[in-house]
Structure formats: C-alpha cells, structure tokens
Amino acid sequence: MANTVVNPTRMELTRLKGKLKTAQRGHKLLKDKRDELMKQFLDTVRELRALRSQVEQDLMRAHSSFTVASALMSAQAMEQALMYPKQSVELTMTFQNIMSVNVPVYHYQTRTDDTGDIFPYGFAATSGELDAAVSALGEVFQNMLKLAETEKAAQLMAEEIEKTRRRVNALEYVVIPNTQENIRYITMKLDENDRSTTTRLMKVKDMLLAEALEERRAADDAAIRAFGGDPGDAAQI
Amino acid sequence: MANSYQIAVLGDKDSVMGFKALGLTVFPVDNVEDARHTLHRIAREDFAVVYLTEQLAAQMETDIARYKDELTPAIILIPGKEGSLGLGMANIKKSVERAVGADIL
C-alpha cells in the first residue's frame, strides 16, 4: 500500500504484525462461517423450492374450487357467508439461531381445534363447493406457514452470506496484502537504517584512524627533527 | 420473546376472500397504489407474515425489497386467482444468486 504513509518505526511494525495476525485469524473464522452458512442455505433452498411448488399447486386448486363456488353462488351471498370468520389464528414467533442468523419460527394457535368446524356459515344458504374450497384452503394453510418460515429464513441467510462473503474478500484481497506490504516496507526501511548506521560508523572509524595516524606521524617527524634527522628518511624506512 | 402476531393476506378481493374463513386478517385492495399503502401500514403493526398475491407483487418490487432484510414482516408471495406468474420461484432464484453469486441450482 504505497498510497498511505506509514511510520517506519519498530512500534508501528509491532502494531502491524499484531494486526496481520488478527486479520488472518478473522479471515479463517469468517471463511468457515461462510462455508457452513452456505451449506445450511442450500439445504433450506432445496426444501423451499419443493415446498413452494407444492403450496402453489394446492393454492391453485383451492382457487379453482372458489371459482366454481362463486359461479354457483351470487357474489353477495358468498361475501356474506365469509364475512364473519369463526376461526381465528394467533401466531407466536420464536427465533432459531443458525450460525448467528436469527431466523423466525412460527407457532400458530387456532381458536377452534377441529378442522371440520371452520365454516363460518350455515350450510343451508351456501353451495357445497364453498365448503370444499374452504377446507382445501385450510389444508394448504399449514404448508403456507411453513413456506413463510422457510422463505424468510432463506432471505435472511442470503443477506448474511452476502455480508460474510464481502468481509472475507475484503480481508483476503485488501487488508491482509496491504498489511503485509506495509510490514515489508517497514522491515526494509529499518534494515536500510541499520546498514546506513553501520557504514557511517565505519566511515567515522576510518576518519578517526586517519587522524590518529596523522598525529602520530607528525609527532614522529618532530622527534626525528629534534635529533637532527630528516623526516623524509623516516618515511623510506 | 414470544409475542403474538397476526397474519395478513393482501390481494385482490377474489383471491383473498377465502382466507378470511381461516381466520387470517384480510386486506382486499383494488389497485397497486392501494396495496402499497396498505403494505406499509401493516408492516408497522403486529403482522409476522404477509401473504401477497403475485399479481400485485409484480408491480411493487421496491416496496417488497424494503422488508426483505427485516425480521418482520415476512412477505410471502402466493399465486392469485389468475394463476402463478412464477415470481415466487424467481425470488428464490434471486436469493440464491445473491448468496452464491451465481445460480447454481
């Protein structure tokens, strides 16, 4: 990551190394989560498809019974017959946790338990087809509730999988490579600093040595001169 | 947290009338605009599941998408009286694509 500035210090290096470790750990965990979610999701979807086609078929059958019934009865009579329901449904919702996705589980409670006793009208004024239609609808209702549960679960899981997948990819292709790049940059910079320090020290040592040598030589020359010799001879010895 | 919720059925009158006999809360609507308003209104109330006919759903996709990631209500498409448009199946396909990135089924 060349576009942001990092301080090439040891402290920063330690911090980045910690970050890399966390990122790699997180990446592994999220990847596992994604795989498991995907497995569960595909199971749910398979179930959902079967359930949906079943429900759609059953509903169409119920609808066609209603069509027959409405052909035999006047619209007003039918509306009147269905106006005040005898049955009422109460739904309670609990949650099931699938890999940290909360999916709803529905439990329903009907006012009358007897499925044969759901007709809210007298039989005298209505046609038999309406009875058939209502009971067909009553049968399909259980599956419809199951369908709602499964479909919502699938939707929520799809959302969670998408999120997890994005996170995994962000870690895998952005965060981890960037951190590694930064660590490499800092390591190289620190190594370079080390080397430049070493060479500087070597250079200083050379300079000091040369100076000491010079001083020594000057002192020697002075001594030779004191004894009446020629300093040029000393260099030749 | 097991609160009690209700179930709503939203659609044209002929398609939803039968559900009334089952004790569900029925909202007959005549046009899409009406359906939209009703949907937003009941989404704020205690409805855990909203069954919506495909005929209406075809024209209010954005409204449905709003509740897709919410826990309640679960908007479930059902075929109306005129028959199935295949929208429900298409939605399953869509969520698979969303999760996997490709249609693999």
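**Exercise 1. In this predicted model, find how many residues of chain B are in contact with chain A, and which elements of chain B supply them.**

Solution.
Step 1. Count the two sides: 36 residues of chain B are in contact with 46 residues of chain A.
Step 2. Assign the side of chain B to elements. At least two residues come from each of β1 (4–11), α1 (13–21), β3 (47–53), β4 (74–78) and α5 (87–100) of chain B.
Step 3. Look for the largest share. Helix α5(B) gives it, with seven residues.
Step 4. Sort the side of chain B that touches chain A by class: 21 residues are nonpolar, 10 are polar and five are charged.

**Exercise 2. Describe the secondary structure of chain B and the order of its elements.**

Solution.
Step 1. Count the elements: chain B has five helices and four strands.
Step 2. Read them from the N terminus on. The order in chain B is β-α-β-α-β-α-α-β-α.
Step 3. Turn to the contacts within chain B. Of those between residues at least 6 apart in sequence, 60% join residues at least 24 apart.

**Exercise 3. Does the radius of gyration of chain B agree or disagree with that of a compact globule?**

Solution.
Step 1. Take the expected value: for 105 residues, a compact globule would have a radius of gyration near 13 Å.
Step 2. Compare. Chain B has 14 Å, so the two agree.
Step 3. Add the outline: along the principal axes, the C-alpha atoms of chain B fill a box of roughly 40 × 40 × 25 Å.
Step 4. Add the burial: 45% of the 105 residues of chain B count as buried.

**Exercise 4. Which residues touch the most other members of the largest nonpolar core?**

Solution.
Step 1. The largest nonpolar core has 50 residues, and those touching the most other members are Val9(B), Leu10(B), Val49(B), Val50(B), Tyr51(B) and Ile76(B).
Step 2. Helix α3 (residues 128–226) of chain A contributes the largest share of this core, 10 residues.
Step 3. Another core, of 15 residues, lies apart from it; Phe41(A), Ala154(A), Leu156(A) and Ala99(B) are among its members.
Step 4. Return to Val50(B). Leaving out residues up to four places away in sequence, Val50(B) touches Ala8(B), Leu10(B), Leu39(B), Ile42(B), Pro73(B) and Ile75(B).

**Exercise 5. At what angle do the axes of α1(A) and α3(A) cross?**

Solution.
Step 1. The axis of helix α1 (residues 10–72) of chain A comes within 4 Å of that of α3(A), and the two cross at roughly 165 degrees.
Step 2. Angles over 145 degrees count as roughly antiparallel, so α1(A) is roughly antiparallel to α3(A).
Step 3. The contact of α1(A) with α3(A) has 38 nonpolar, 14 polar and 18 charged residues.

Note on methods:
Residues are numbered from 1 along each chain as its sequence is written. Chains are lettered from A and ligands numbered from 1 in the order in which they are written. This is a predicted model: local features need pLDDT of at least 70, side-chain atom pairs count only at pLDDT 80 or more; totals for chains, interfaces and linings use all residues. The radius of gyration is taken over C-alpha atoms; the globule rule is 2.2 Å times the number of residues to the power 0.38. A residue is buried if 20 or more other C-beta atoms lie within 10 Å of its own, exposed if 12 or fewer, and partly exposed in between; C-beta atoms are placed from the backbone. Two residues are in contact if their C-beta atoms, placed from the backbone, lie within 7 Å. A nonpolar core is a set of buried Ala, Val, Leu, Ile, Met, Phe, Trp, Tyr and Cys residues joined through C-beta atoms within 7 Å. Axes are lines fitted to C-alpha atoms, for helices over the stretch in contact, and angles run from 0 to 180 degrees between N-to-C directions. Angles under 35 degrees count as roughly parallel, over 145 as roughly antiparallel, 65 to 115 as roughly perpendicular and the rest as oblique. Ala, Val, Leu, Ile, Met, Phe, Trp, Tyr, Cys and Pro count as nonpolar, Asp, Glu, Lys and Arg as charged, and the others, Gly among them, as polar.
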